[in-house]
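Please look over the following structure with attention to its strands, its nonpolar packing and the confidence of the prediction.

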Amino acid sequence: MKKFISTLLLLSIVGITRPSTALAFDGNETETEKPWGVRADVVSHYLWRGDQLGGLSFQPNMWYNIGNFTVDLWANVGAKDWHFEGTNKEFDLTLTYRLKQFDFQLIHYYFFNGNYFDLGIENEGANQLEATIKYTLPKLPLQFVVSTTIAGADGILDEEKSTDENEVLKRAYSTYIEANYTWEWEKPGMRLQAILAATPWKGMYSGGYKGGICNISARLDKIWTIRHSSINLQATPMYSPTLKKFSWCVGLGIEF
């Protein structure tokens, strides 16, 4: 079942050659008439899909649209003693194709360790490759997201092949399934997004469980628009039942 879902996601992306639109934050897109955009955020904590991956962080982002195809570059640089010294570094490359209400994405996560192109299950840099499909209802701000890690460092213990002397990993195909709903109030410049997500089997989102609810969160944004630019304040509480972890984040973002 895991391999079937992963293959279906990969074929959906490989079969299409021209992808989409820029990511404002996970699970929500920001559309714009201009073909490119640049954004920078400073956040108190680096949150991602129910987990807290770091503390104070600088997160630059840029994208370019060609028709329905989008190339998106996103990075994270963590701070130490209030100085951004290059800790917790990450660089993500996302290729997106938008087809009506669907987004098809291929995402490469790189953590500045080891070979950029090494996507083995035990690669030194913990690099990962993910396939994602998103569907947004045509007349309702409700979106569904399915993401599966199809290559890279995403292994779990293979109990059948492992011995006391030799542990063997098998691919987990870690999968994240999300539903999010967004409310927007144009006059006060406010946006609220609620997220509920689960993982169907054991993997990076499941903690000590075989599966379950992995992300219950909300994000509130206050946005000020200045000509073609915007400034926003954000606040996010987040809880993961599978990881048994509560996290939070406040941040400031500027977009051009």
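Along strand E15 (residues 190-199; strands, E, are DSSP runs of at least two residues, numbered from the N terminus), the side chains alternate between two faces. Arg191, Gln193, Ile195, Ala197 and Thr199 point to one face and are buried (under 20% relative accessible area with a 1.4 Å probe, protein chains only), whereas Met190, Leu192, Ala194, Leu196 and Ala198 point to the other and are not buried. This is a predicted model, in which local features need pLDDT of at least 70 and side-chain atom pairs count only at pLDDT 80 or more, while totals for chains, interfaces and linings use all residues. Residues are numbered from 1 along each chain as its sequence is written, and side-chain values use heavy atoms, with hydrogens and water left out.

**Strand pairing**
- E15 pairs in the antiparallel sense with E14 (residues 175-185) over nine bridges, where pairing requires that DSSP finds at least two bridges between two strands.
- Ile177 stands opposite Ala198 of E15, and the hairpin formed by E14 and E15 has four residues between the strands, with Gly189 in the turn at a positive phi of about 70°.
- E15 also pairs in the antiparallel sense with E16 (residues 212-226), over 10 bridges, and Ile195 stands opposite Ser217 in E16.

**Nonpolar core**
- The largest nonpolar core (buried Ala, Val, Leu, Ile, Met, Phe, Trp, Tyr and Cys residues joined through side-chain atoms within 4.5 Å) has 10 residues, among them Tyr46, Trp74, Ile195 and Ala197.
- Two or more residues of this core come from each of E4 (46-48), E9 (102-110) and E15.

**Confidence**
- The chain averages a pLDDT of 88, with 87% of the residues scoring at least 70; pLDDT is the predictor's confidence in each residue, from 0 to 100.

Conventions. Buried < 20%, exposed > 50% of the residue type's maximum accessible area, 1.4 Å probe, protein only.
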